[in-house]
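Hi everyone, thanks for making time for this. I'd like to walk you through a few local features, so please have the model open as we go.

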Amino acid sequence: METLESELTCPICLELFEDPLLLPCAHSLCFNCAHRILVSHCSNSKPLESISAFQCPTCRYVITLNHRGLEGLKRNVTLQNIIDRFQKASLSGPNSPTESRRLPPPQRPYTATISGTIGTLGGGSGTSGSSARGSPATSSHSHSLANHSNHTNHTNHNNANHSPAVIAKMDYRISCQFCEQDPPREAVKTCVTCEVSYCDRCLRATHPNKKPFTSHRLVEPVPDTHIRGLTCMEHENEKVNMYCMVDDQLICALCKLVGRHREHQVCSLTERFDKLKQTLENNLTNLVKRNSELENQMAKLIQICQQVEVNTAMHEAKLVEECDELVEIIRQRKQVIAVKIKESKVMKLRKLAQQIANCRQCLERSSALITQAEQSLKENDHARFLQTARNVAERVAMATASSQVLIPDVNLNEAFDNFALDFSREKKILEGLDYLTAPNPPSIREELCTASHDTITVHWTSEDEFSVTSYELQYTIYTGQTNFISLYNSADSWMIVPNIKQNHYTVHGLQSGTRYIFFVKAINQAGSRNSEPARLKTNSQPFKLDPKTAHKKLRLSNDCLTMEKDESSLKKSHTPERFSGTGSYGAAGNVFIDSGCHYWEVLLGASTWYAIGVAYKSAPKNEWSGKNSSSWVFSRCNNNFMVRHDGKEMLVEASLQLRRLGVLLDYDNNSLSFYDAMSSQHIHTFEISFLLPVVPTFMIWNKSVMILSGLPVPDFVEGTSLDHQEQQQQQMGLCRQESPYLTGMKNCH
């Protein structure tokens, strides 16, 4: 009752609501309290009538008033009725004289109805009790339902003497609403049709096994609020039976017919229930999944934290161990150097003592000689002086002249020049003590890299060269894939060269005319880092003219790089590989190409009749190249340039000054292109689906040509972009009949 009373208390006067107003925010307020709020905002310059708004004391929502002021707000009649009923119930205490004669409505539904209604008035949704109806059985026990207040008061009085746990257990028990005994027996069934719970005895009495009672729906005992359902917050005793989609709230039929929701879109409770339930289930599933992921993530983080603790302890122990070793090394070196200093001291003092002894001996001799000389000088007798002084004078002269006798070899160097202590370098190293980190990524110097047809020499530089233990070179064939990360992760296709000590390495055995991707990894004890990828390419396959294929009226140079039309050439033996047809003055290269991208050039000189291209090994040798489906050529006949394949030819534009023809065979990408190598001009590209290896072919009808093979692909060739679809359409448009220019070339012979 105390909780219920707090729900019915005004937030301003802290008393039960009196003439409550229903605010637009769904909170309530006494009329007099609202008036006092307006009065508190009045002043001499601002009369009461001019105040058009105030704030809700509960939620601070701004309440706007119309011209009627507070009279324009709705009265909360439902709340006032609840307060009146609450006051009457409060007066009917245990000492009331009518206690033994009056029974309240069913105990739990009544309390839940009032609380639910208060929740509705406060912005939520609640329930409202109603009398049982819908069957004849209702009238048969109307007296029991109308006189139940005595049991409720008695129950509340008894609950006051029990602990909360016992009360909770007692409240969970659903009592029979038809019993007249006190306390009522426990219900065994609830009739959904009658909206009443019955004990076994009352159920048999009120629901005999015959119509219309056989159609009543009996369920396990449930609280009365679950049967009666929610009531409309605007229309008393009206059950909610639809849902307003606009205001997102439960409404009754009157709300839709005559209320403020009559123009709003509504739906059935079942439809809204299914949709909201599905949404809630989906969100709940996602939330459970997210919680599971968070739990896994948290477990991983906890595991990482534990590992961090272990690693920290390990590194701290390692640090102490390493520092102790350094201190021990310094202590040992200190002892060694101290011993050397002491030994040097002893040696120097020994030498100095010997020199002191020599000096003392010389000094004694000199002193004796000086004394003797002074005695001789005291002799005045000339004869005696000459007799005694001659010997003394000789000795003094000899002592003065001989420094070795009078001046000993004394070394007065007291410094320790051989033991200069300079630890500046070591101090600087010690000051730089720190964790060893992985070296910075090396950088591949593409401008220094070189290539041949089967080798590539890779050069690189590293900023941390002294901290690098070794390098590792990785390479693979470049397939045109732009995502280097995905390419790098496909480890199966990579070749690895480990333990390289220099800043360069030559890779052998590569495919000619093939582009490769290279990575260089710098490694030390702390880890490794990769360089940026570099794309390097082997040179084209070098080749020469094969003498066994040359026509008998062609003469090849000794190096087999030049061919010349010569009618007087010596007769050659016939072989299946040799060009032998009339006018088929051709020769083939000595290699067959089945992969890679290859580029060669042909120096045309003064020749004006030639055909240059590629062919399968099976191409006929007794007819011109390009007249069959196994060869593709670029040809010139006098001032006309054309491309020819399978007997079909097409005129192309080229300079009459064409002296150097570039040929690009990209076998992997199925193309054969021709260029003016002097002007870097693209002439034509064949799109070919190669089925077999091809061989370079050359035909001339006058003068001579020279071959330059094994060349790197020029920049202007790599930068050429060609529309393949348009080129294929051009090929399809080749004339199927033999061109008059082809006939003209026959006549050239």
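Let's begin at Leu604, which sits in the loop between strand 24 (597-603) and strand 25 (609-616). What we have here is a predicted model, so please hear everything I say in that light. Is Leu604 buried or exposed? Leu604 is buried, because its relative accessible area is 0%, and the cut-off for buried is under 20%.

Who are its neighbours? Leaving out residues up to four places away in sequence, Leu604 touches Tyr610, Ile612, Leu658, Arg659, Arg660, Leu661, Ser704 and Val705. Take Arg659 from that list: Leu604 and Arg659 are separated by 55 residues in sequence, yet their C-alpha atoms are 5.0 Å apart.

Now to the aromatics. How many aromatic pairs does a search of the whole structure find? The search gives 16. One of them is Phe674 with Phe686: the ring centres are 6.3 Å apart and the planes meet at 80°, so this pair is edge-to-face. Planes have to be over 60 degrees apart for that label. Phe674 belongs to strand 30 (residues 671-676) and Phe686 to strand 31 (residues 681-687), so the pair ties together parts that are twelve residues apart in sequence. Both rings belong to buried residues: Phe674 has a relative accessibility of 0%, and Phe686 has 1%. While you're looking at rings, please also find the cluster in which ring pairs link Tyr616, Trp632, Tyr667 and Phe690.

Next, some backbone geometry. Most residues other than glycine have a negative phi, and most peptide bonds are trans. With that in mind, here are some spots to click on.

Where are the cis bonds I'd like you to see? One joins Asp182 and Pro183, with omega at about 0°. Pro183 is in the loop between helix 8 (164-172) and strand 6 (189-191). Another cis peptide bond runs from Lys211 to Pro212, and its omega is near 5°. Pro212 also has a loop address, between helix 9 (200-206) and strand 8 (218-219).

For positive phi, go to Asp19, a residue other than glycine with phi near 50°. Asp19 is located in the loop between helix 1 (2-7) and strand 1 (20-22). Asp19 counts as partly exposed, because its relative accessibility is 33%. Then there is Cys560, again not a glycine, whose phi is positive and near 60°. You'll find Cys560 in the loop between strand 21 (554-556) and strand 22 (562-565). Cys560 is buried, since its relative accessible area is 15% and buried means under 20%.

Last stop: the surface. Which residues make the nonpolar surface patch of about 430 Å²? They are Leu326, Ile329, Ile330, Leu430 and Leu433. Helix 12 (residues 269-377) gives the most to this patch, with three residues. Leu326 is found in that helix. Leu326 counts as partly exposed, because its relative accessible area is 31%. That value clears the patch cut-off, which asks for over 30%.

So, to send you off with two places to revisit: buried Leu604 in its loop, and the edge-to-face pair of Phe674 and Phe686. Thanks for listening, and I'm happy to take questions!

Key:
Residues are numbered from 1 along each chain as its sequence is written. This is a predicted model: local features need pLDDT of at least 70, side-chain atom pairs count only at pLDDT 80 or more; totals for chains, interfaces and linings use all residues. Side-chain values use heavy atoms; hydrogens and water are left out. Patches are made of residues with over 30% relative accessible area and no salt bridge: like charges are joined within 9 Å, nonpolar side chains (Val, Leu, Ile, Met, Phe, Trp, Tyr) within 5 Å. Accessible areas come from the Shrake-Rupley method with a 1.4 Å probe; for residues, only the protein chains shown count as cover. A salt bridge is a side-chain nitrogen of Lys or Arg within 4 Å of a carboxyl oxygen of Asp or Glu. Helices (H or I, at least four residues) and strands (E, at least two) are DSSP runs, numbered from the N terminus. Buried means under 20% relative accessible area, exposed over 50%, partly exposed in between (1.4 Å probe, protein chains only). Rings of Phe, Tyr and Trp (its six-membered ring) pair if their centres lie within 6.5 Å; planes under 30 degrees apart count as stacked, over 60 as edge-to-face and the rest as tilted. Contact means heavy atoms within 4.5 Å.
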